[in-house]
Amino acid sequence: MTWKQLFTSSIGKKFLMALTGFFLIIYLIVHAGINAMIFYNDNGETFNKAAYFMSRNFFMRFLEIGLFAVFILHIIQGLLLWKKNRAARSIGYQKQNYPAGIKWYSRYMGWLGTFLLLFLVMHLYHFWAGTKNEMYFNGPQVNLYYEMKDVFTNPLFFTLYMVGLASLLFHLLQGFQSAFQTFGINHRRWTPILKGIGIFYSVAICILFAMMPVSFMAGWLQ
Amino acid sequence: MEHYNMNLTLKVWKQKNATSKGKFETYEVTNISSEMSFLEMFDVLNERLIDEGKEPITFDHDCREGICGACSMYVDGRAHGPWQKNTVCQLHMRAYKDGDTIVVEPWRSGAFPVIKDLMVDRRAFDRIIEAGGFISVNTGNAVDANSLPVDRAKSEEAFNAAACIGCGACVAACPNGSAMLFVSAKVSQLALLPQGEPERHTRVLNMVTQMDKEGFGNCGNIYNCEAECPKGISVENIARMNREYLGASLSSDI
Amino acid sequence: MALDAKIPEGELEQKWTNYKDHVNLVSPTNKRKLEVIVIGTGLAGASAAATLGELGYKVKAFCFQDSPRRAHSIAAQGGINAAKNYQNDGDSVFRLFYETVKGGDYRSREANVYRLAQVSGNIIDQCVAQGVPFAREYGGLLSNRSFGGTQVQRTFYAAGQTGQQLLLGAYSALERQVALGNVEMYSRHEMEDIVKIDGKARGIIARNLVTGKLERYFGHAVLICSGGYGNVFYLSTNAMGSNVTAAWKSHKKGAYFANPCFTQIHPTCIPVTSDHQSKLTLMSESLRNDGRIWVPKAKDDKRKATDIPQEERDYYLERRYPAFGNLVPRDVASRAAKERCDAGYGVGTTKMAVYLDFADAIKRYGKIEVSKRGLEDASEENIIRLGKEVITEKYGNLFEMYEKITGENPYDVPMRIYPAVHYTMGGLWVNYELMTTVPGLYCLGEANFSDHGANRLGASALMQGLADGYFVIPYTLGSYMAGEIRNSAIPTSHPAFEEAENAVKERIEKLMSIQGKESVESFHKRLGKIMWEKCGMARNEAGLLEAIDEIRLLKKEFWQNVKIPGEIYEMNPELDKAGRVADFIELGELICLDALNRRESCGGHFREESQTEEGEALRDDNHYSYVAAWEFTGDDEKLHKEELHFDVAKPSQRSYK
């Protein structure tokens, strides 16, 4: 079994999805942690410092390339799997029902992922292409905190961010425990605990992110 | 149990052969007893169609007691119909009431081409077993059966996996058309038993390779396979197969 | 032709060993040139095809189902016997042999049965090695249960799905040979005829059921492993597709058909509910270990079962057979149920059912659990709850199945059961080598007649199928094949193939050309009704004569008035069924003829003229201690007798009183 055979097999592909997905799950913790610095409510001072570090530190930018690679791998692989799965049933059912207990979002990982991709494009445009890179070249006079406030107080963007986060929530709810199943971890004793952690993580991270636009919109943050 | 009779409307997929295009036909059936099985209701309809000089509906069925795995109908959007842990031959008409409309379709999967009407070709499953779903022991080689004690709990788990009837409901019900539950049930059975140990690695690699070749979809951990499996085969087996596969491929020499 | 069973010389215990020591062998290089055709992929067929493939023969295996794994062996529930004596309870090869001969009411061949008992242990070893997950004890060793009233625990089982697990074991061995290229598998193919060249079986004509095309296949030998003919009764526990066609075509090409009237009616099946019923479902015999069978003492009692007090119930098996009670052999239990129902004591809507009641067992087990767990003053409710748990553990899947079919919960109300056709002991006559009267044509498993005499004991069908396929035919086939090594494969363009194919084609065209008014199913039902009423659990001369007349008329009508839709060259299940029913009709007549000839009661065959004053079966060893082997002469059936000799298991009248 060569590496190529492994990663082109159905289970290998899923393994890759789970591996990259799990990496992204960890990344989200870092992302949320840094962004949460806005809640110091110090006019973005702490947050801007952290953002400055993240955008100017060479090592951080190097890691960012890795992050992009993982994102791209996850996205491309996901889309390819979606295509393959659709091809596996060229003629669909006229009528389709699911028994109770089948989570709707588990069936829509592809769609949720696509929403997230669109969201990501917007998100990168807002906070990476312009702001973060601007900071890289122009230094601390760029105030990322204010740019964030600008975006989040715009009703259209506010709504889109909320929709994006909702997609993320369901994508994570399915993705977190899915990853463990793909790694082969399904145990009568431990899986319920893992599932609990997964739900806690997904909800917590999404609420934390959602609080950012909400706080700006509600005027809780200056 | 109270018995009653009912009239029903059936929308059934009709397709002359593998190459022709199929379509739904609507049939009215009357005076169906609640005591009949779903397939007996089809028998009644077929008898009438023959009598009227029309083509009866072709479907796979054999033992009619839920064990051979031949019957395979997608009934109202559910593999084997509305009852859980059940094959369509064991579905009884008391599940319906007078005036119901029922949509009946064949298993839909690129790897299970339609032969005629509701009958599909499931030889892909045989080919997956051929690839490694066995223990290579020629007749006469065996040692005394009790010379090899087997952990009772593992043996029971192996039995639970081995209870698979190979009907293909898992593939039919999976939104991705994946055959992981079927393949993992056999991989699990043999991985759980000490007899399966010598071929443990090659077995899982070969069976998964064959599964991929057949054109089944990929598992999305939706678990509709488990929910619709007439024998309640657990998705724990899929996790075990993933584990076996990763272990086997990562420890392989090349 | 005189029947030569070819039983080897020597003491009974030594016959098989002697045979194996002296039988001709075929060298590996020669095996590669020899081709074998196997019809049917149940326990016998799959195990034979796999084993012969392992030995190096070129095997072609055929089944009418979409996959070899669907053969009806899969439905066997209870278990498989083997004289392992793992329980240290005094079992031995001799005891298994003796009980099988006795259980078969002294109508089987001693040498065959002894060999069966001898290889029974090897079967378990082989299946375990294949990964068959038999039930085990906590120490990891195999578990056994007692089955069908035997005094030793020799039955190996895998929950209520033993047949399934054994078949999947044989199927996986078969698929392994397919992958290795030793076996070619032809699914959705039906054997339509045997091709004979110079008196030997040399191939078959098969119909590809998907395309409807006829195909020719050559084999140096042909093995018929196509199962029993219980569907001649229309309603049986057999699968819908189970048929006699392969065996019947063989019979018409010269293979004698032995003891066709020996059919087994299983006592515990779910009763018929309506005219639309397409098949009957067996409830494992093991249920009789705990269930008590009864009917109300009053005729036409309208009360619910649970409302009838103990003293108004007739536990008729316990009353008639105090020694064995509810565990009397199948034939006895079946007839007793019929007797009660015929006398007007039946229950349920059709009045053709008796109760199988678990209430006492639930209470008994509940009390045991209570004392095990040290629960003092347990309420009645608690006892019942605990008892139900024990029952669930033992029979859960059967109770679930019963509830699915009937909609009634057997934990709360007694099951309703009635006997149903289940197994056929009769079949193609074979000698000790399993060869029929046609050289090169073999018959294995339920399709042959050899091991069960007039009645099969529980858990021995699986044993016989696998014994024949794994351990007998690999040796005995060599004896014939050793003489074939100089004969190269005959091309299927040979005139004999041409002729056979044309005959098959003509028959199919004839069937399709009739376009009458009555469906195949309807004819089958009518045949079943005649058979069940006149040649079922009890038979008498007048009834059998009537049955023969009626079947002859039915046959005539069938060939004038059957209506088959569709076309020949396409998937056409109605046409497949028509061919099978046409054969069943002919077989039905032979069964009645055989039943008429055998003016004695033995095993599953009960002639009303031959019974004791108490209504028990009366065997007649002076006149009928033979195998009735019928030869098809073209327009008639000619009887040949193979006298049976019992040197070791001396016949005695069975008594379960």
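These legends describe close-up views of a predicted model.

**View 1. Chain B meets chain A.** On one side of this interface, 51 residues of chain B are in contact with chain A. On the other side, 38 residues of chain A take part. About 3900 Å² of area is buried between the two chains. Carbon and sulfur atoms give 52% of that area. In chain B, the residues that lose the most area to chain A are Arg108(B), Asn218(B) and Asn221(B). Together these three make up 16% of what the chain B side buries.

**View 2. Salt bridges and polar contacts link chain B and chain A.** The rule finds three salt bridges across this interface. One of the pairs that meet in a salt bridge is Asp76(B) with Lys95(A). Look for the N to O distance of 3.1 Å between their side chains. Polar contacts also join the chains: 26 residue pairs are counted, with both residues at pLDDT 80 or more.

**View 3. Helices and a strand build the chain B side of the interface.** Which elements of chain B give two or more residues to the side that touches chain A? They are strand 5 (101–105), helix 4 (169–173), helix 6 (200–213), helix 7 (224–228) and helix 8 (236–250). Helix 8 of chain B gives the most, with ten residues. By class, this side of chain B has 27 nonpolar residues, 15 polar residues and nine charged residues.

**View 4. Chain C has two assigned domains.** Domain 1 of chain C covers 267–421, and domain 2 covers 495–634. Their C-alpha centres lie 34 Å apart. Twelve residues of domain 1 are in contact with eleven residues of domain 2. The area buried between these domains of chain C is about 810 Å². Carbon and sulfur atoms give 59% of this area.

**View 5. A salt bridge joins the two domains of chain C.** How many salt bridges are counted between domain 1 and domain 2 of chain C? The count is one. In chain C, Glu616(C) forms a salt bridge with Arg320(C). The closest N and O atoms of this pair are 3.1 Å apart. Four residue pairs in polar contact are also counted between the domains, both residues being at pLDDT 80 or more.

**View 6. A helix and a strand line the domain 1 side in chain C.** Helix 9 (330–342) and strand 15 (415–424) of chain C each give two or more residues to the side of domain 1 that touches domain 2. By class, this side has five nonpolar, two polar and five charged residues.

Key:
Residues numbered from 1 in each chain as written. Chains lettered and ligands numbered in written order. Predicted model: local features only at pLDDT ≥ 70, side-chain atom pairs only at ≥ 80, totals over all residues. Heavy atoms only, no water. Contact = heavy atoms within 4.5 Å. Buried area = accessible area lost by both parts, 1.4 Å probe. Salt bridge = Lys/Arg side-chain N within 4 Å of Asp/Glu carboxyl O. Polar contact = N/O pair within 3.5 Å; in protein donor to acceptor, adjacent residues only side chain to side chain. Helix = DSSP H or I, 4+ residues; strand = E, 2+ residues; numbered from the N terminus. Nonpolar A, V, L, I, M, F, W, Y, C, P; charged D, E, K, R; others polar. Domains from an automatic or database assignment.
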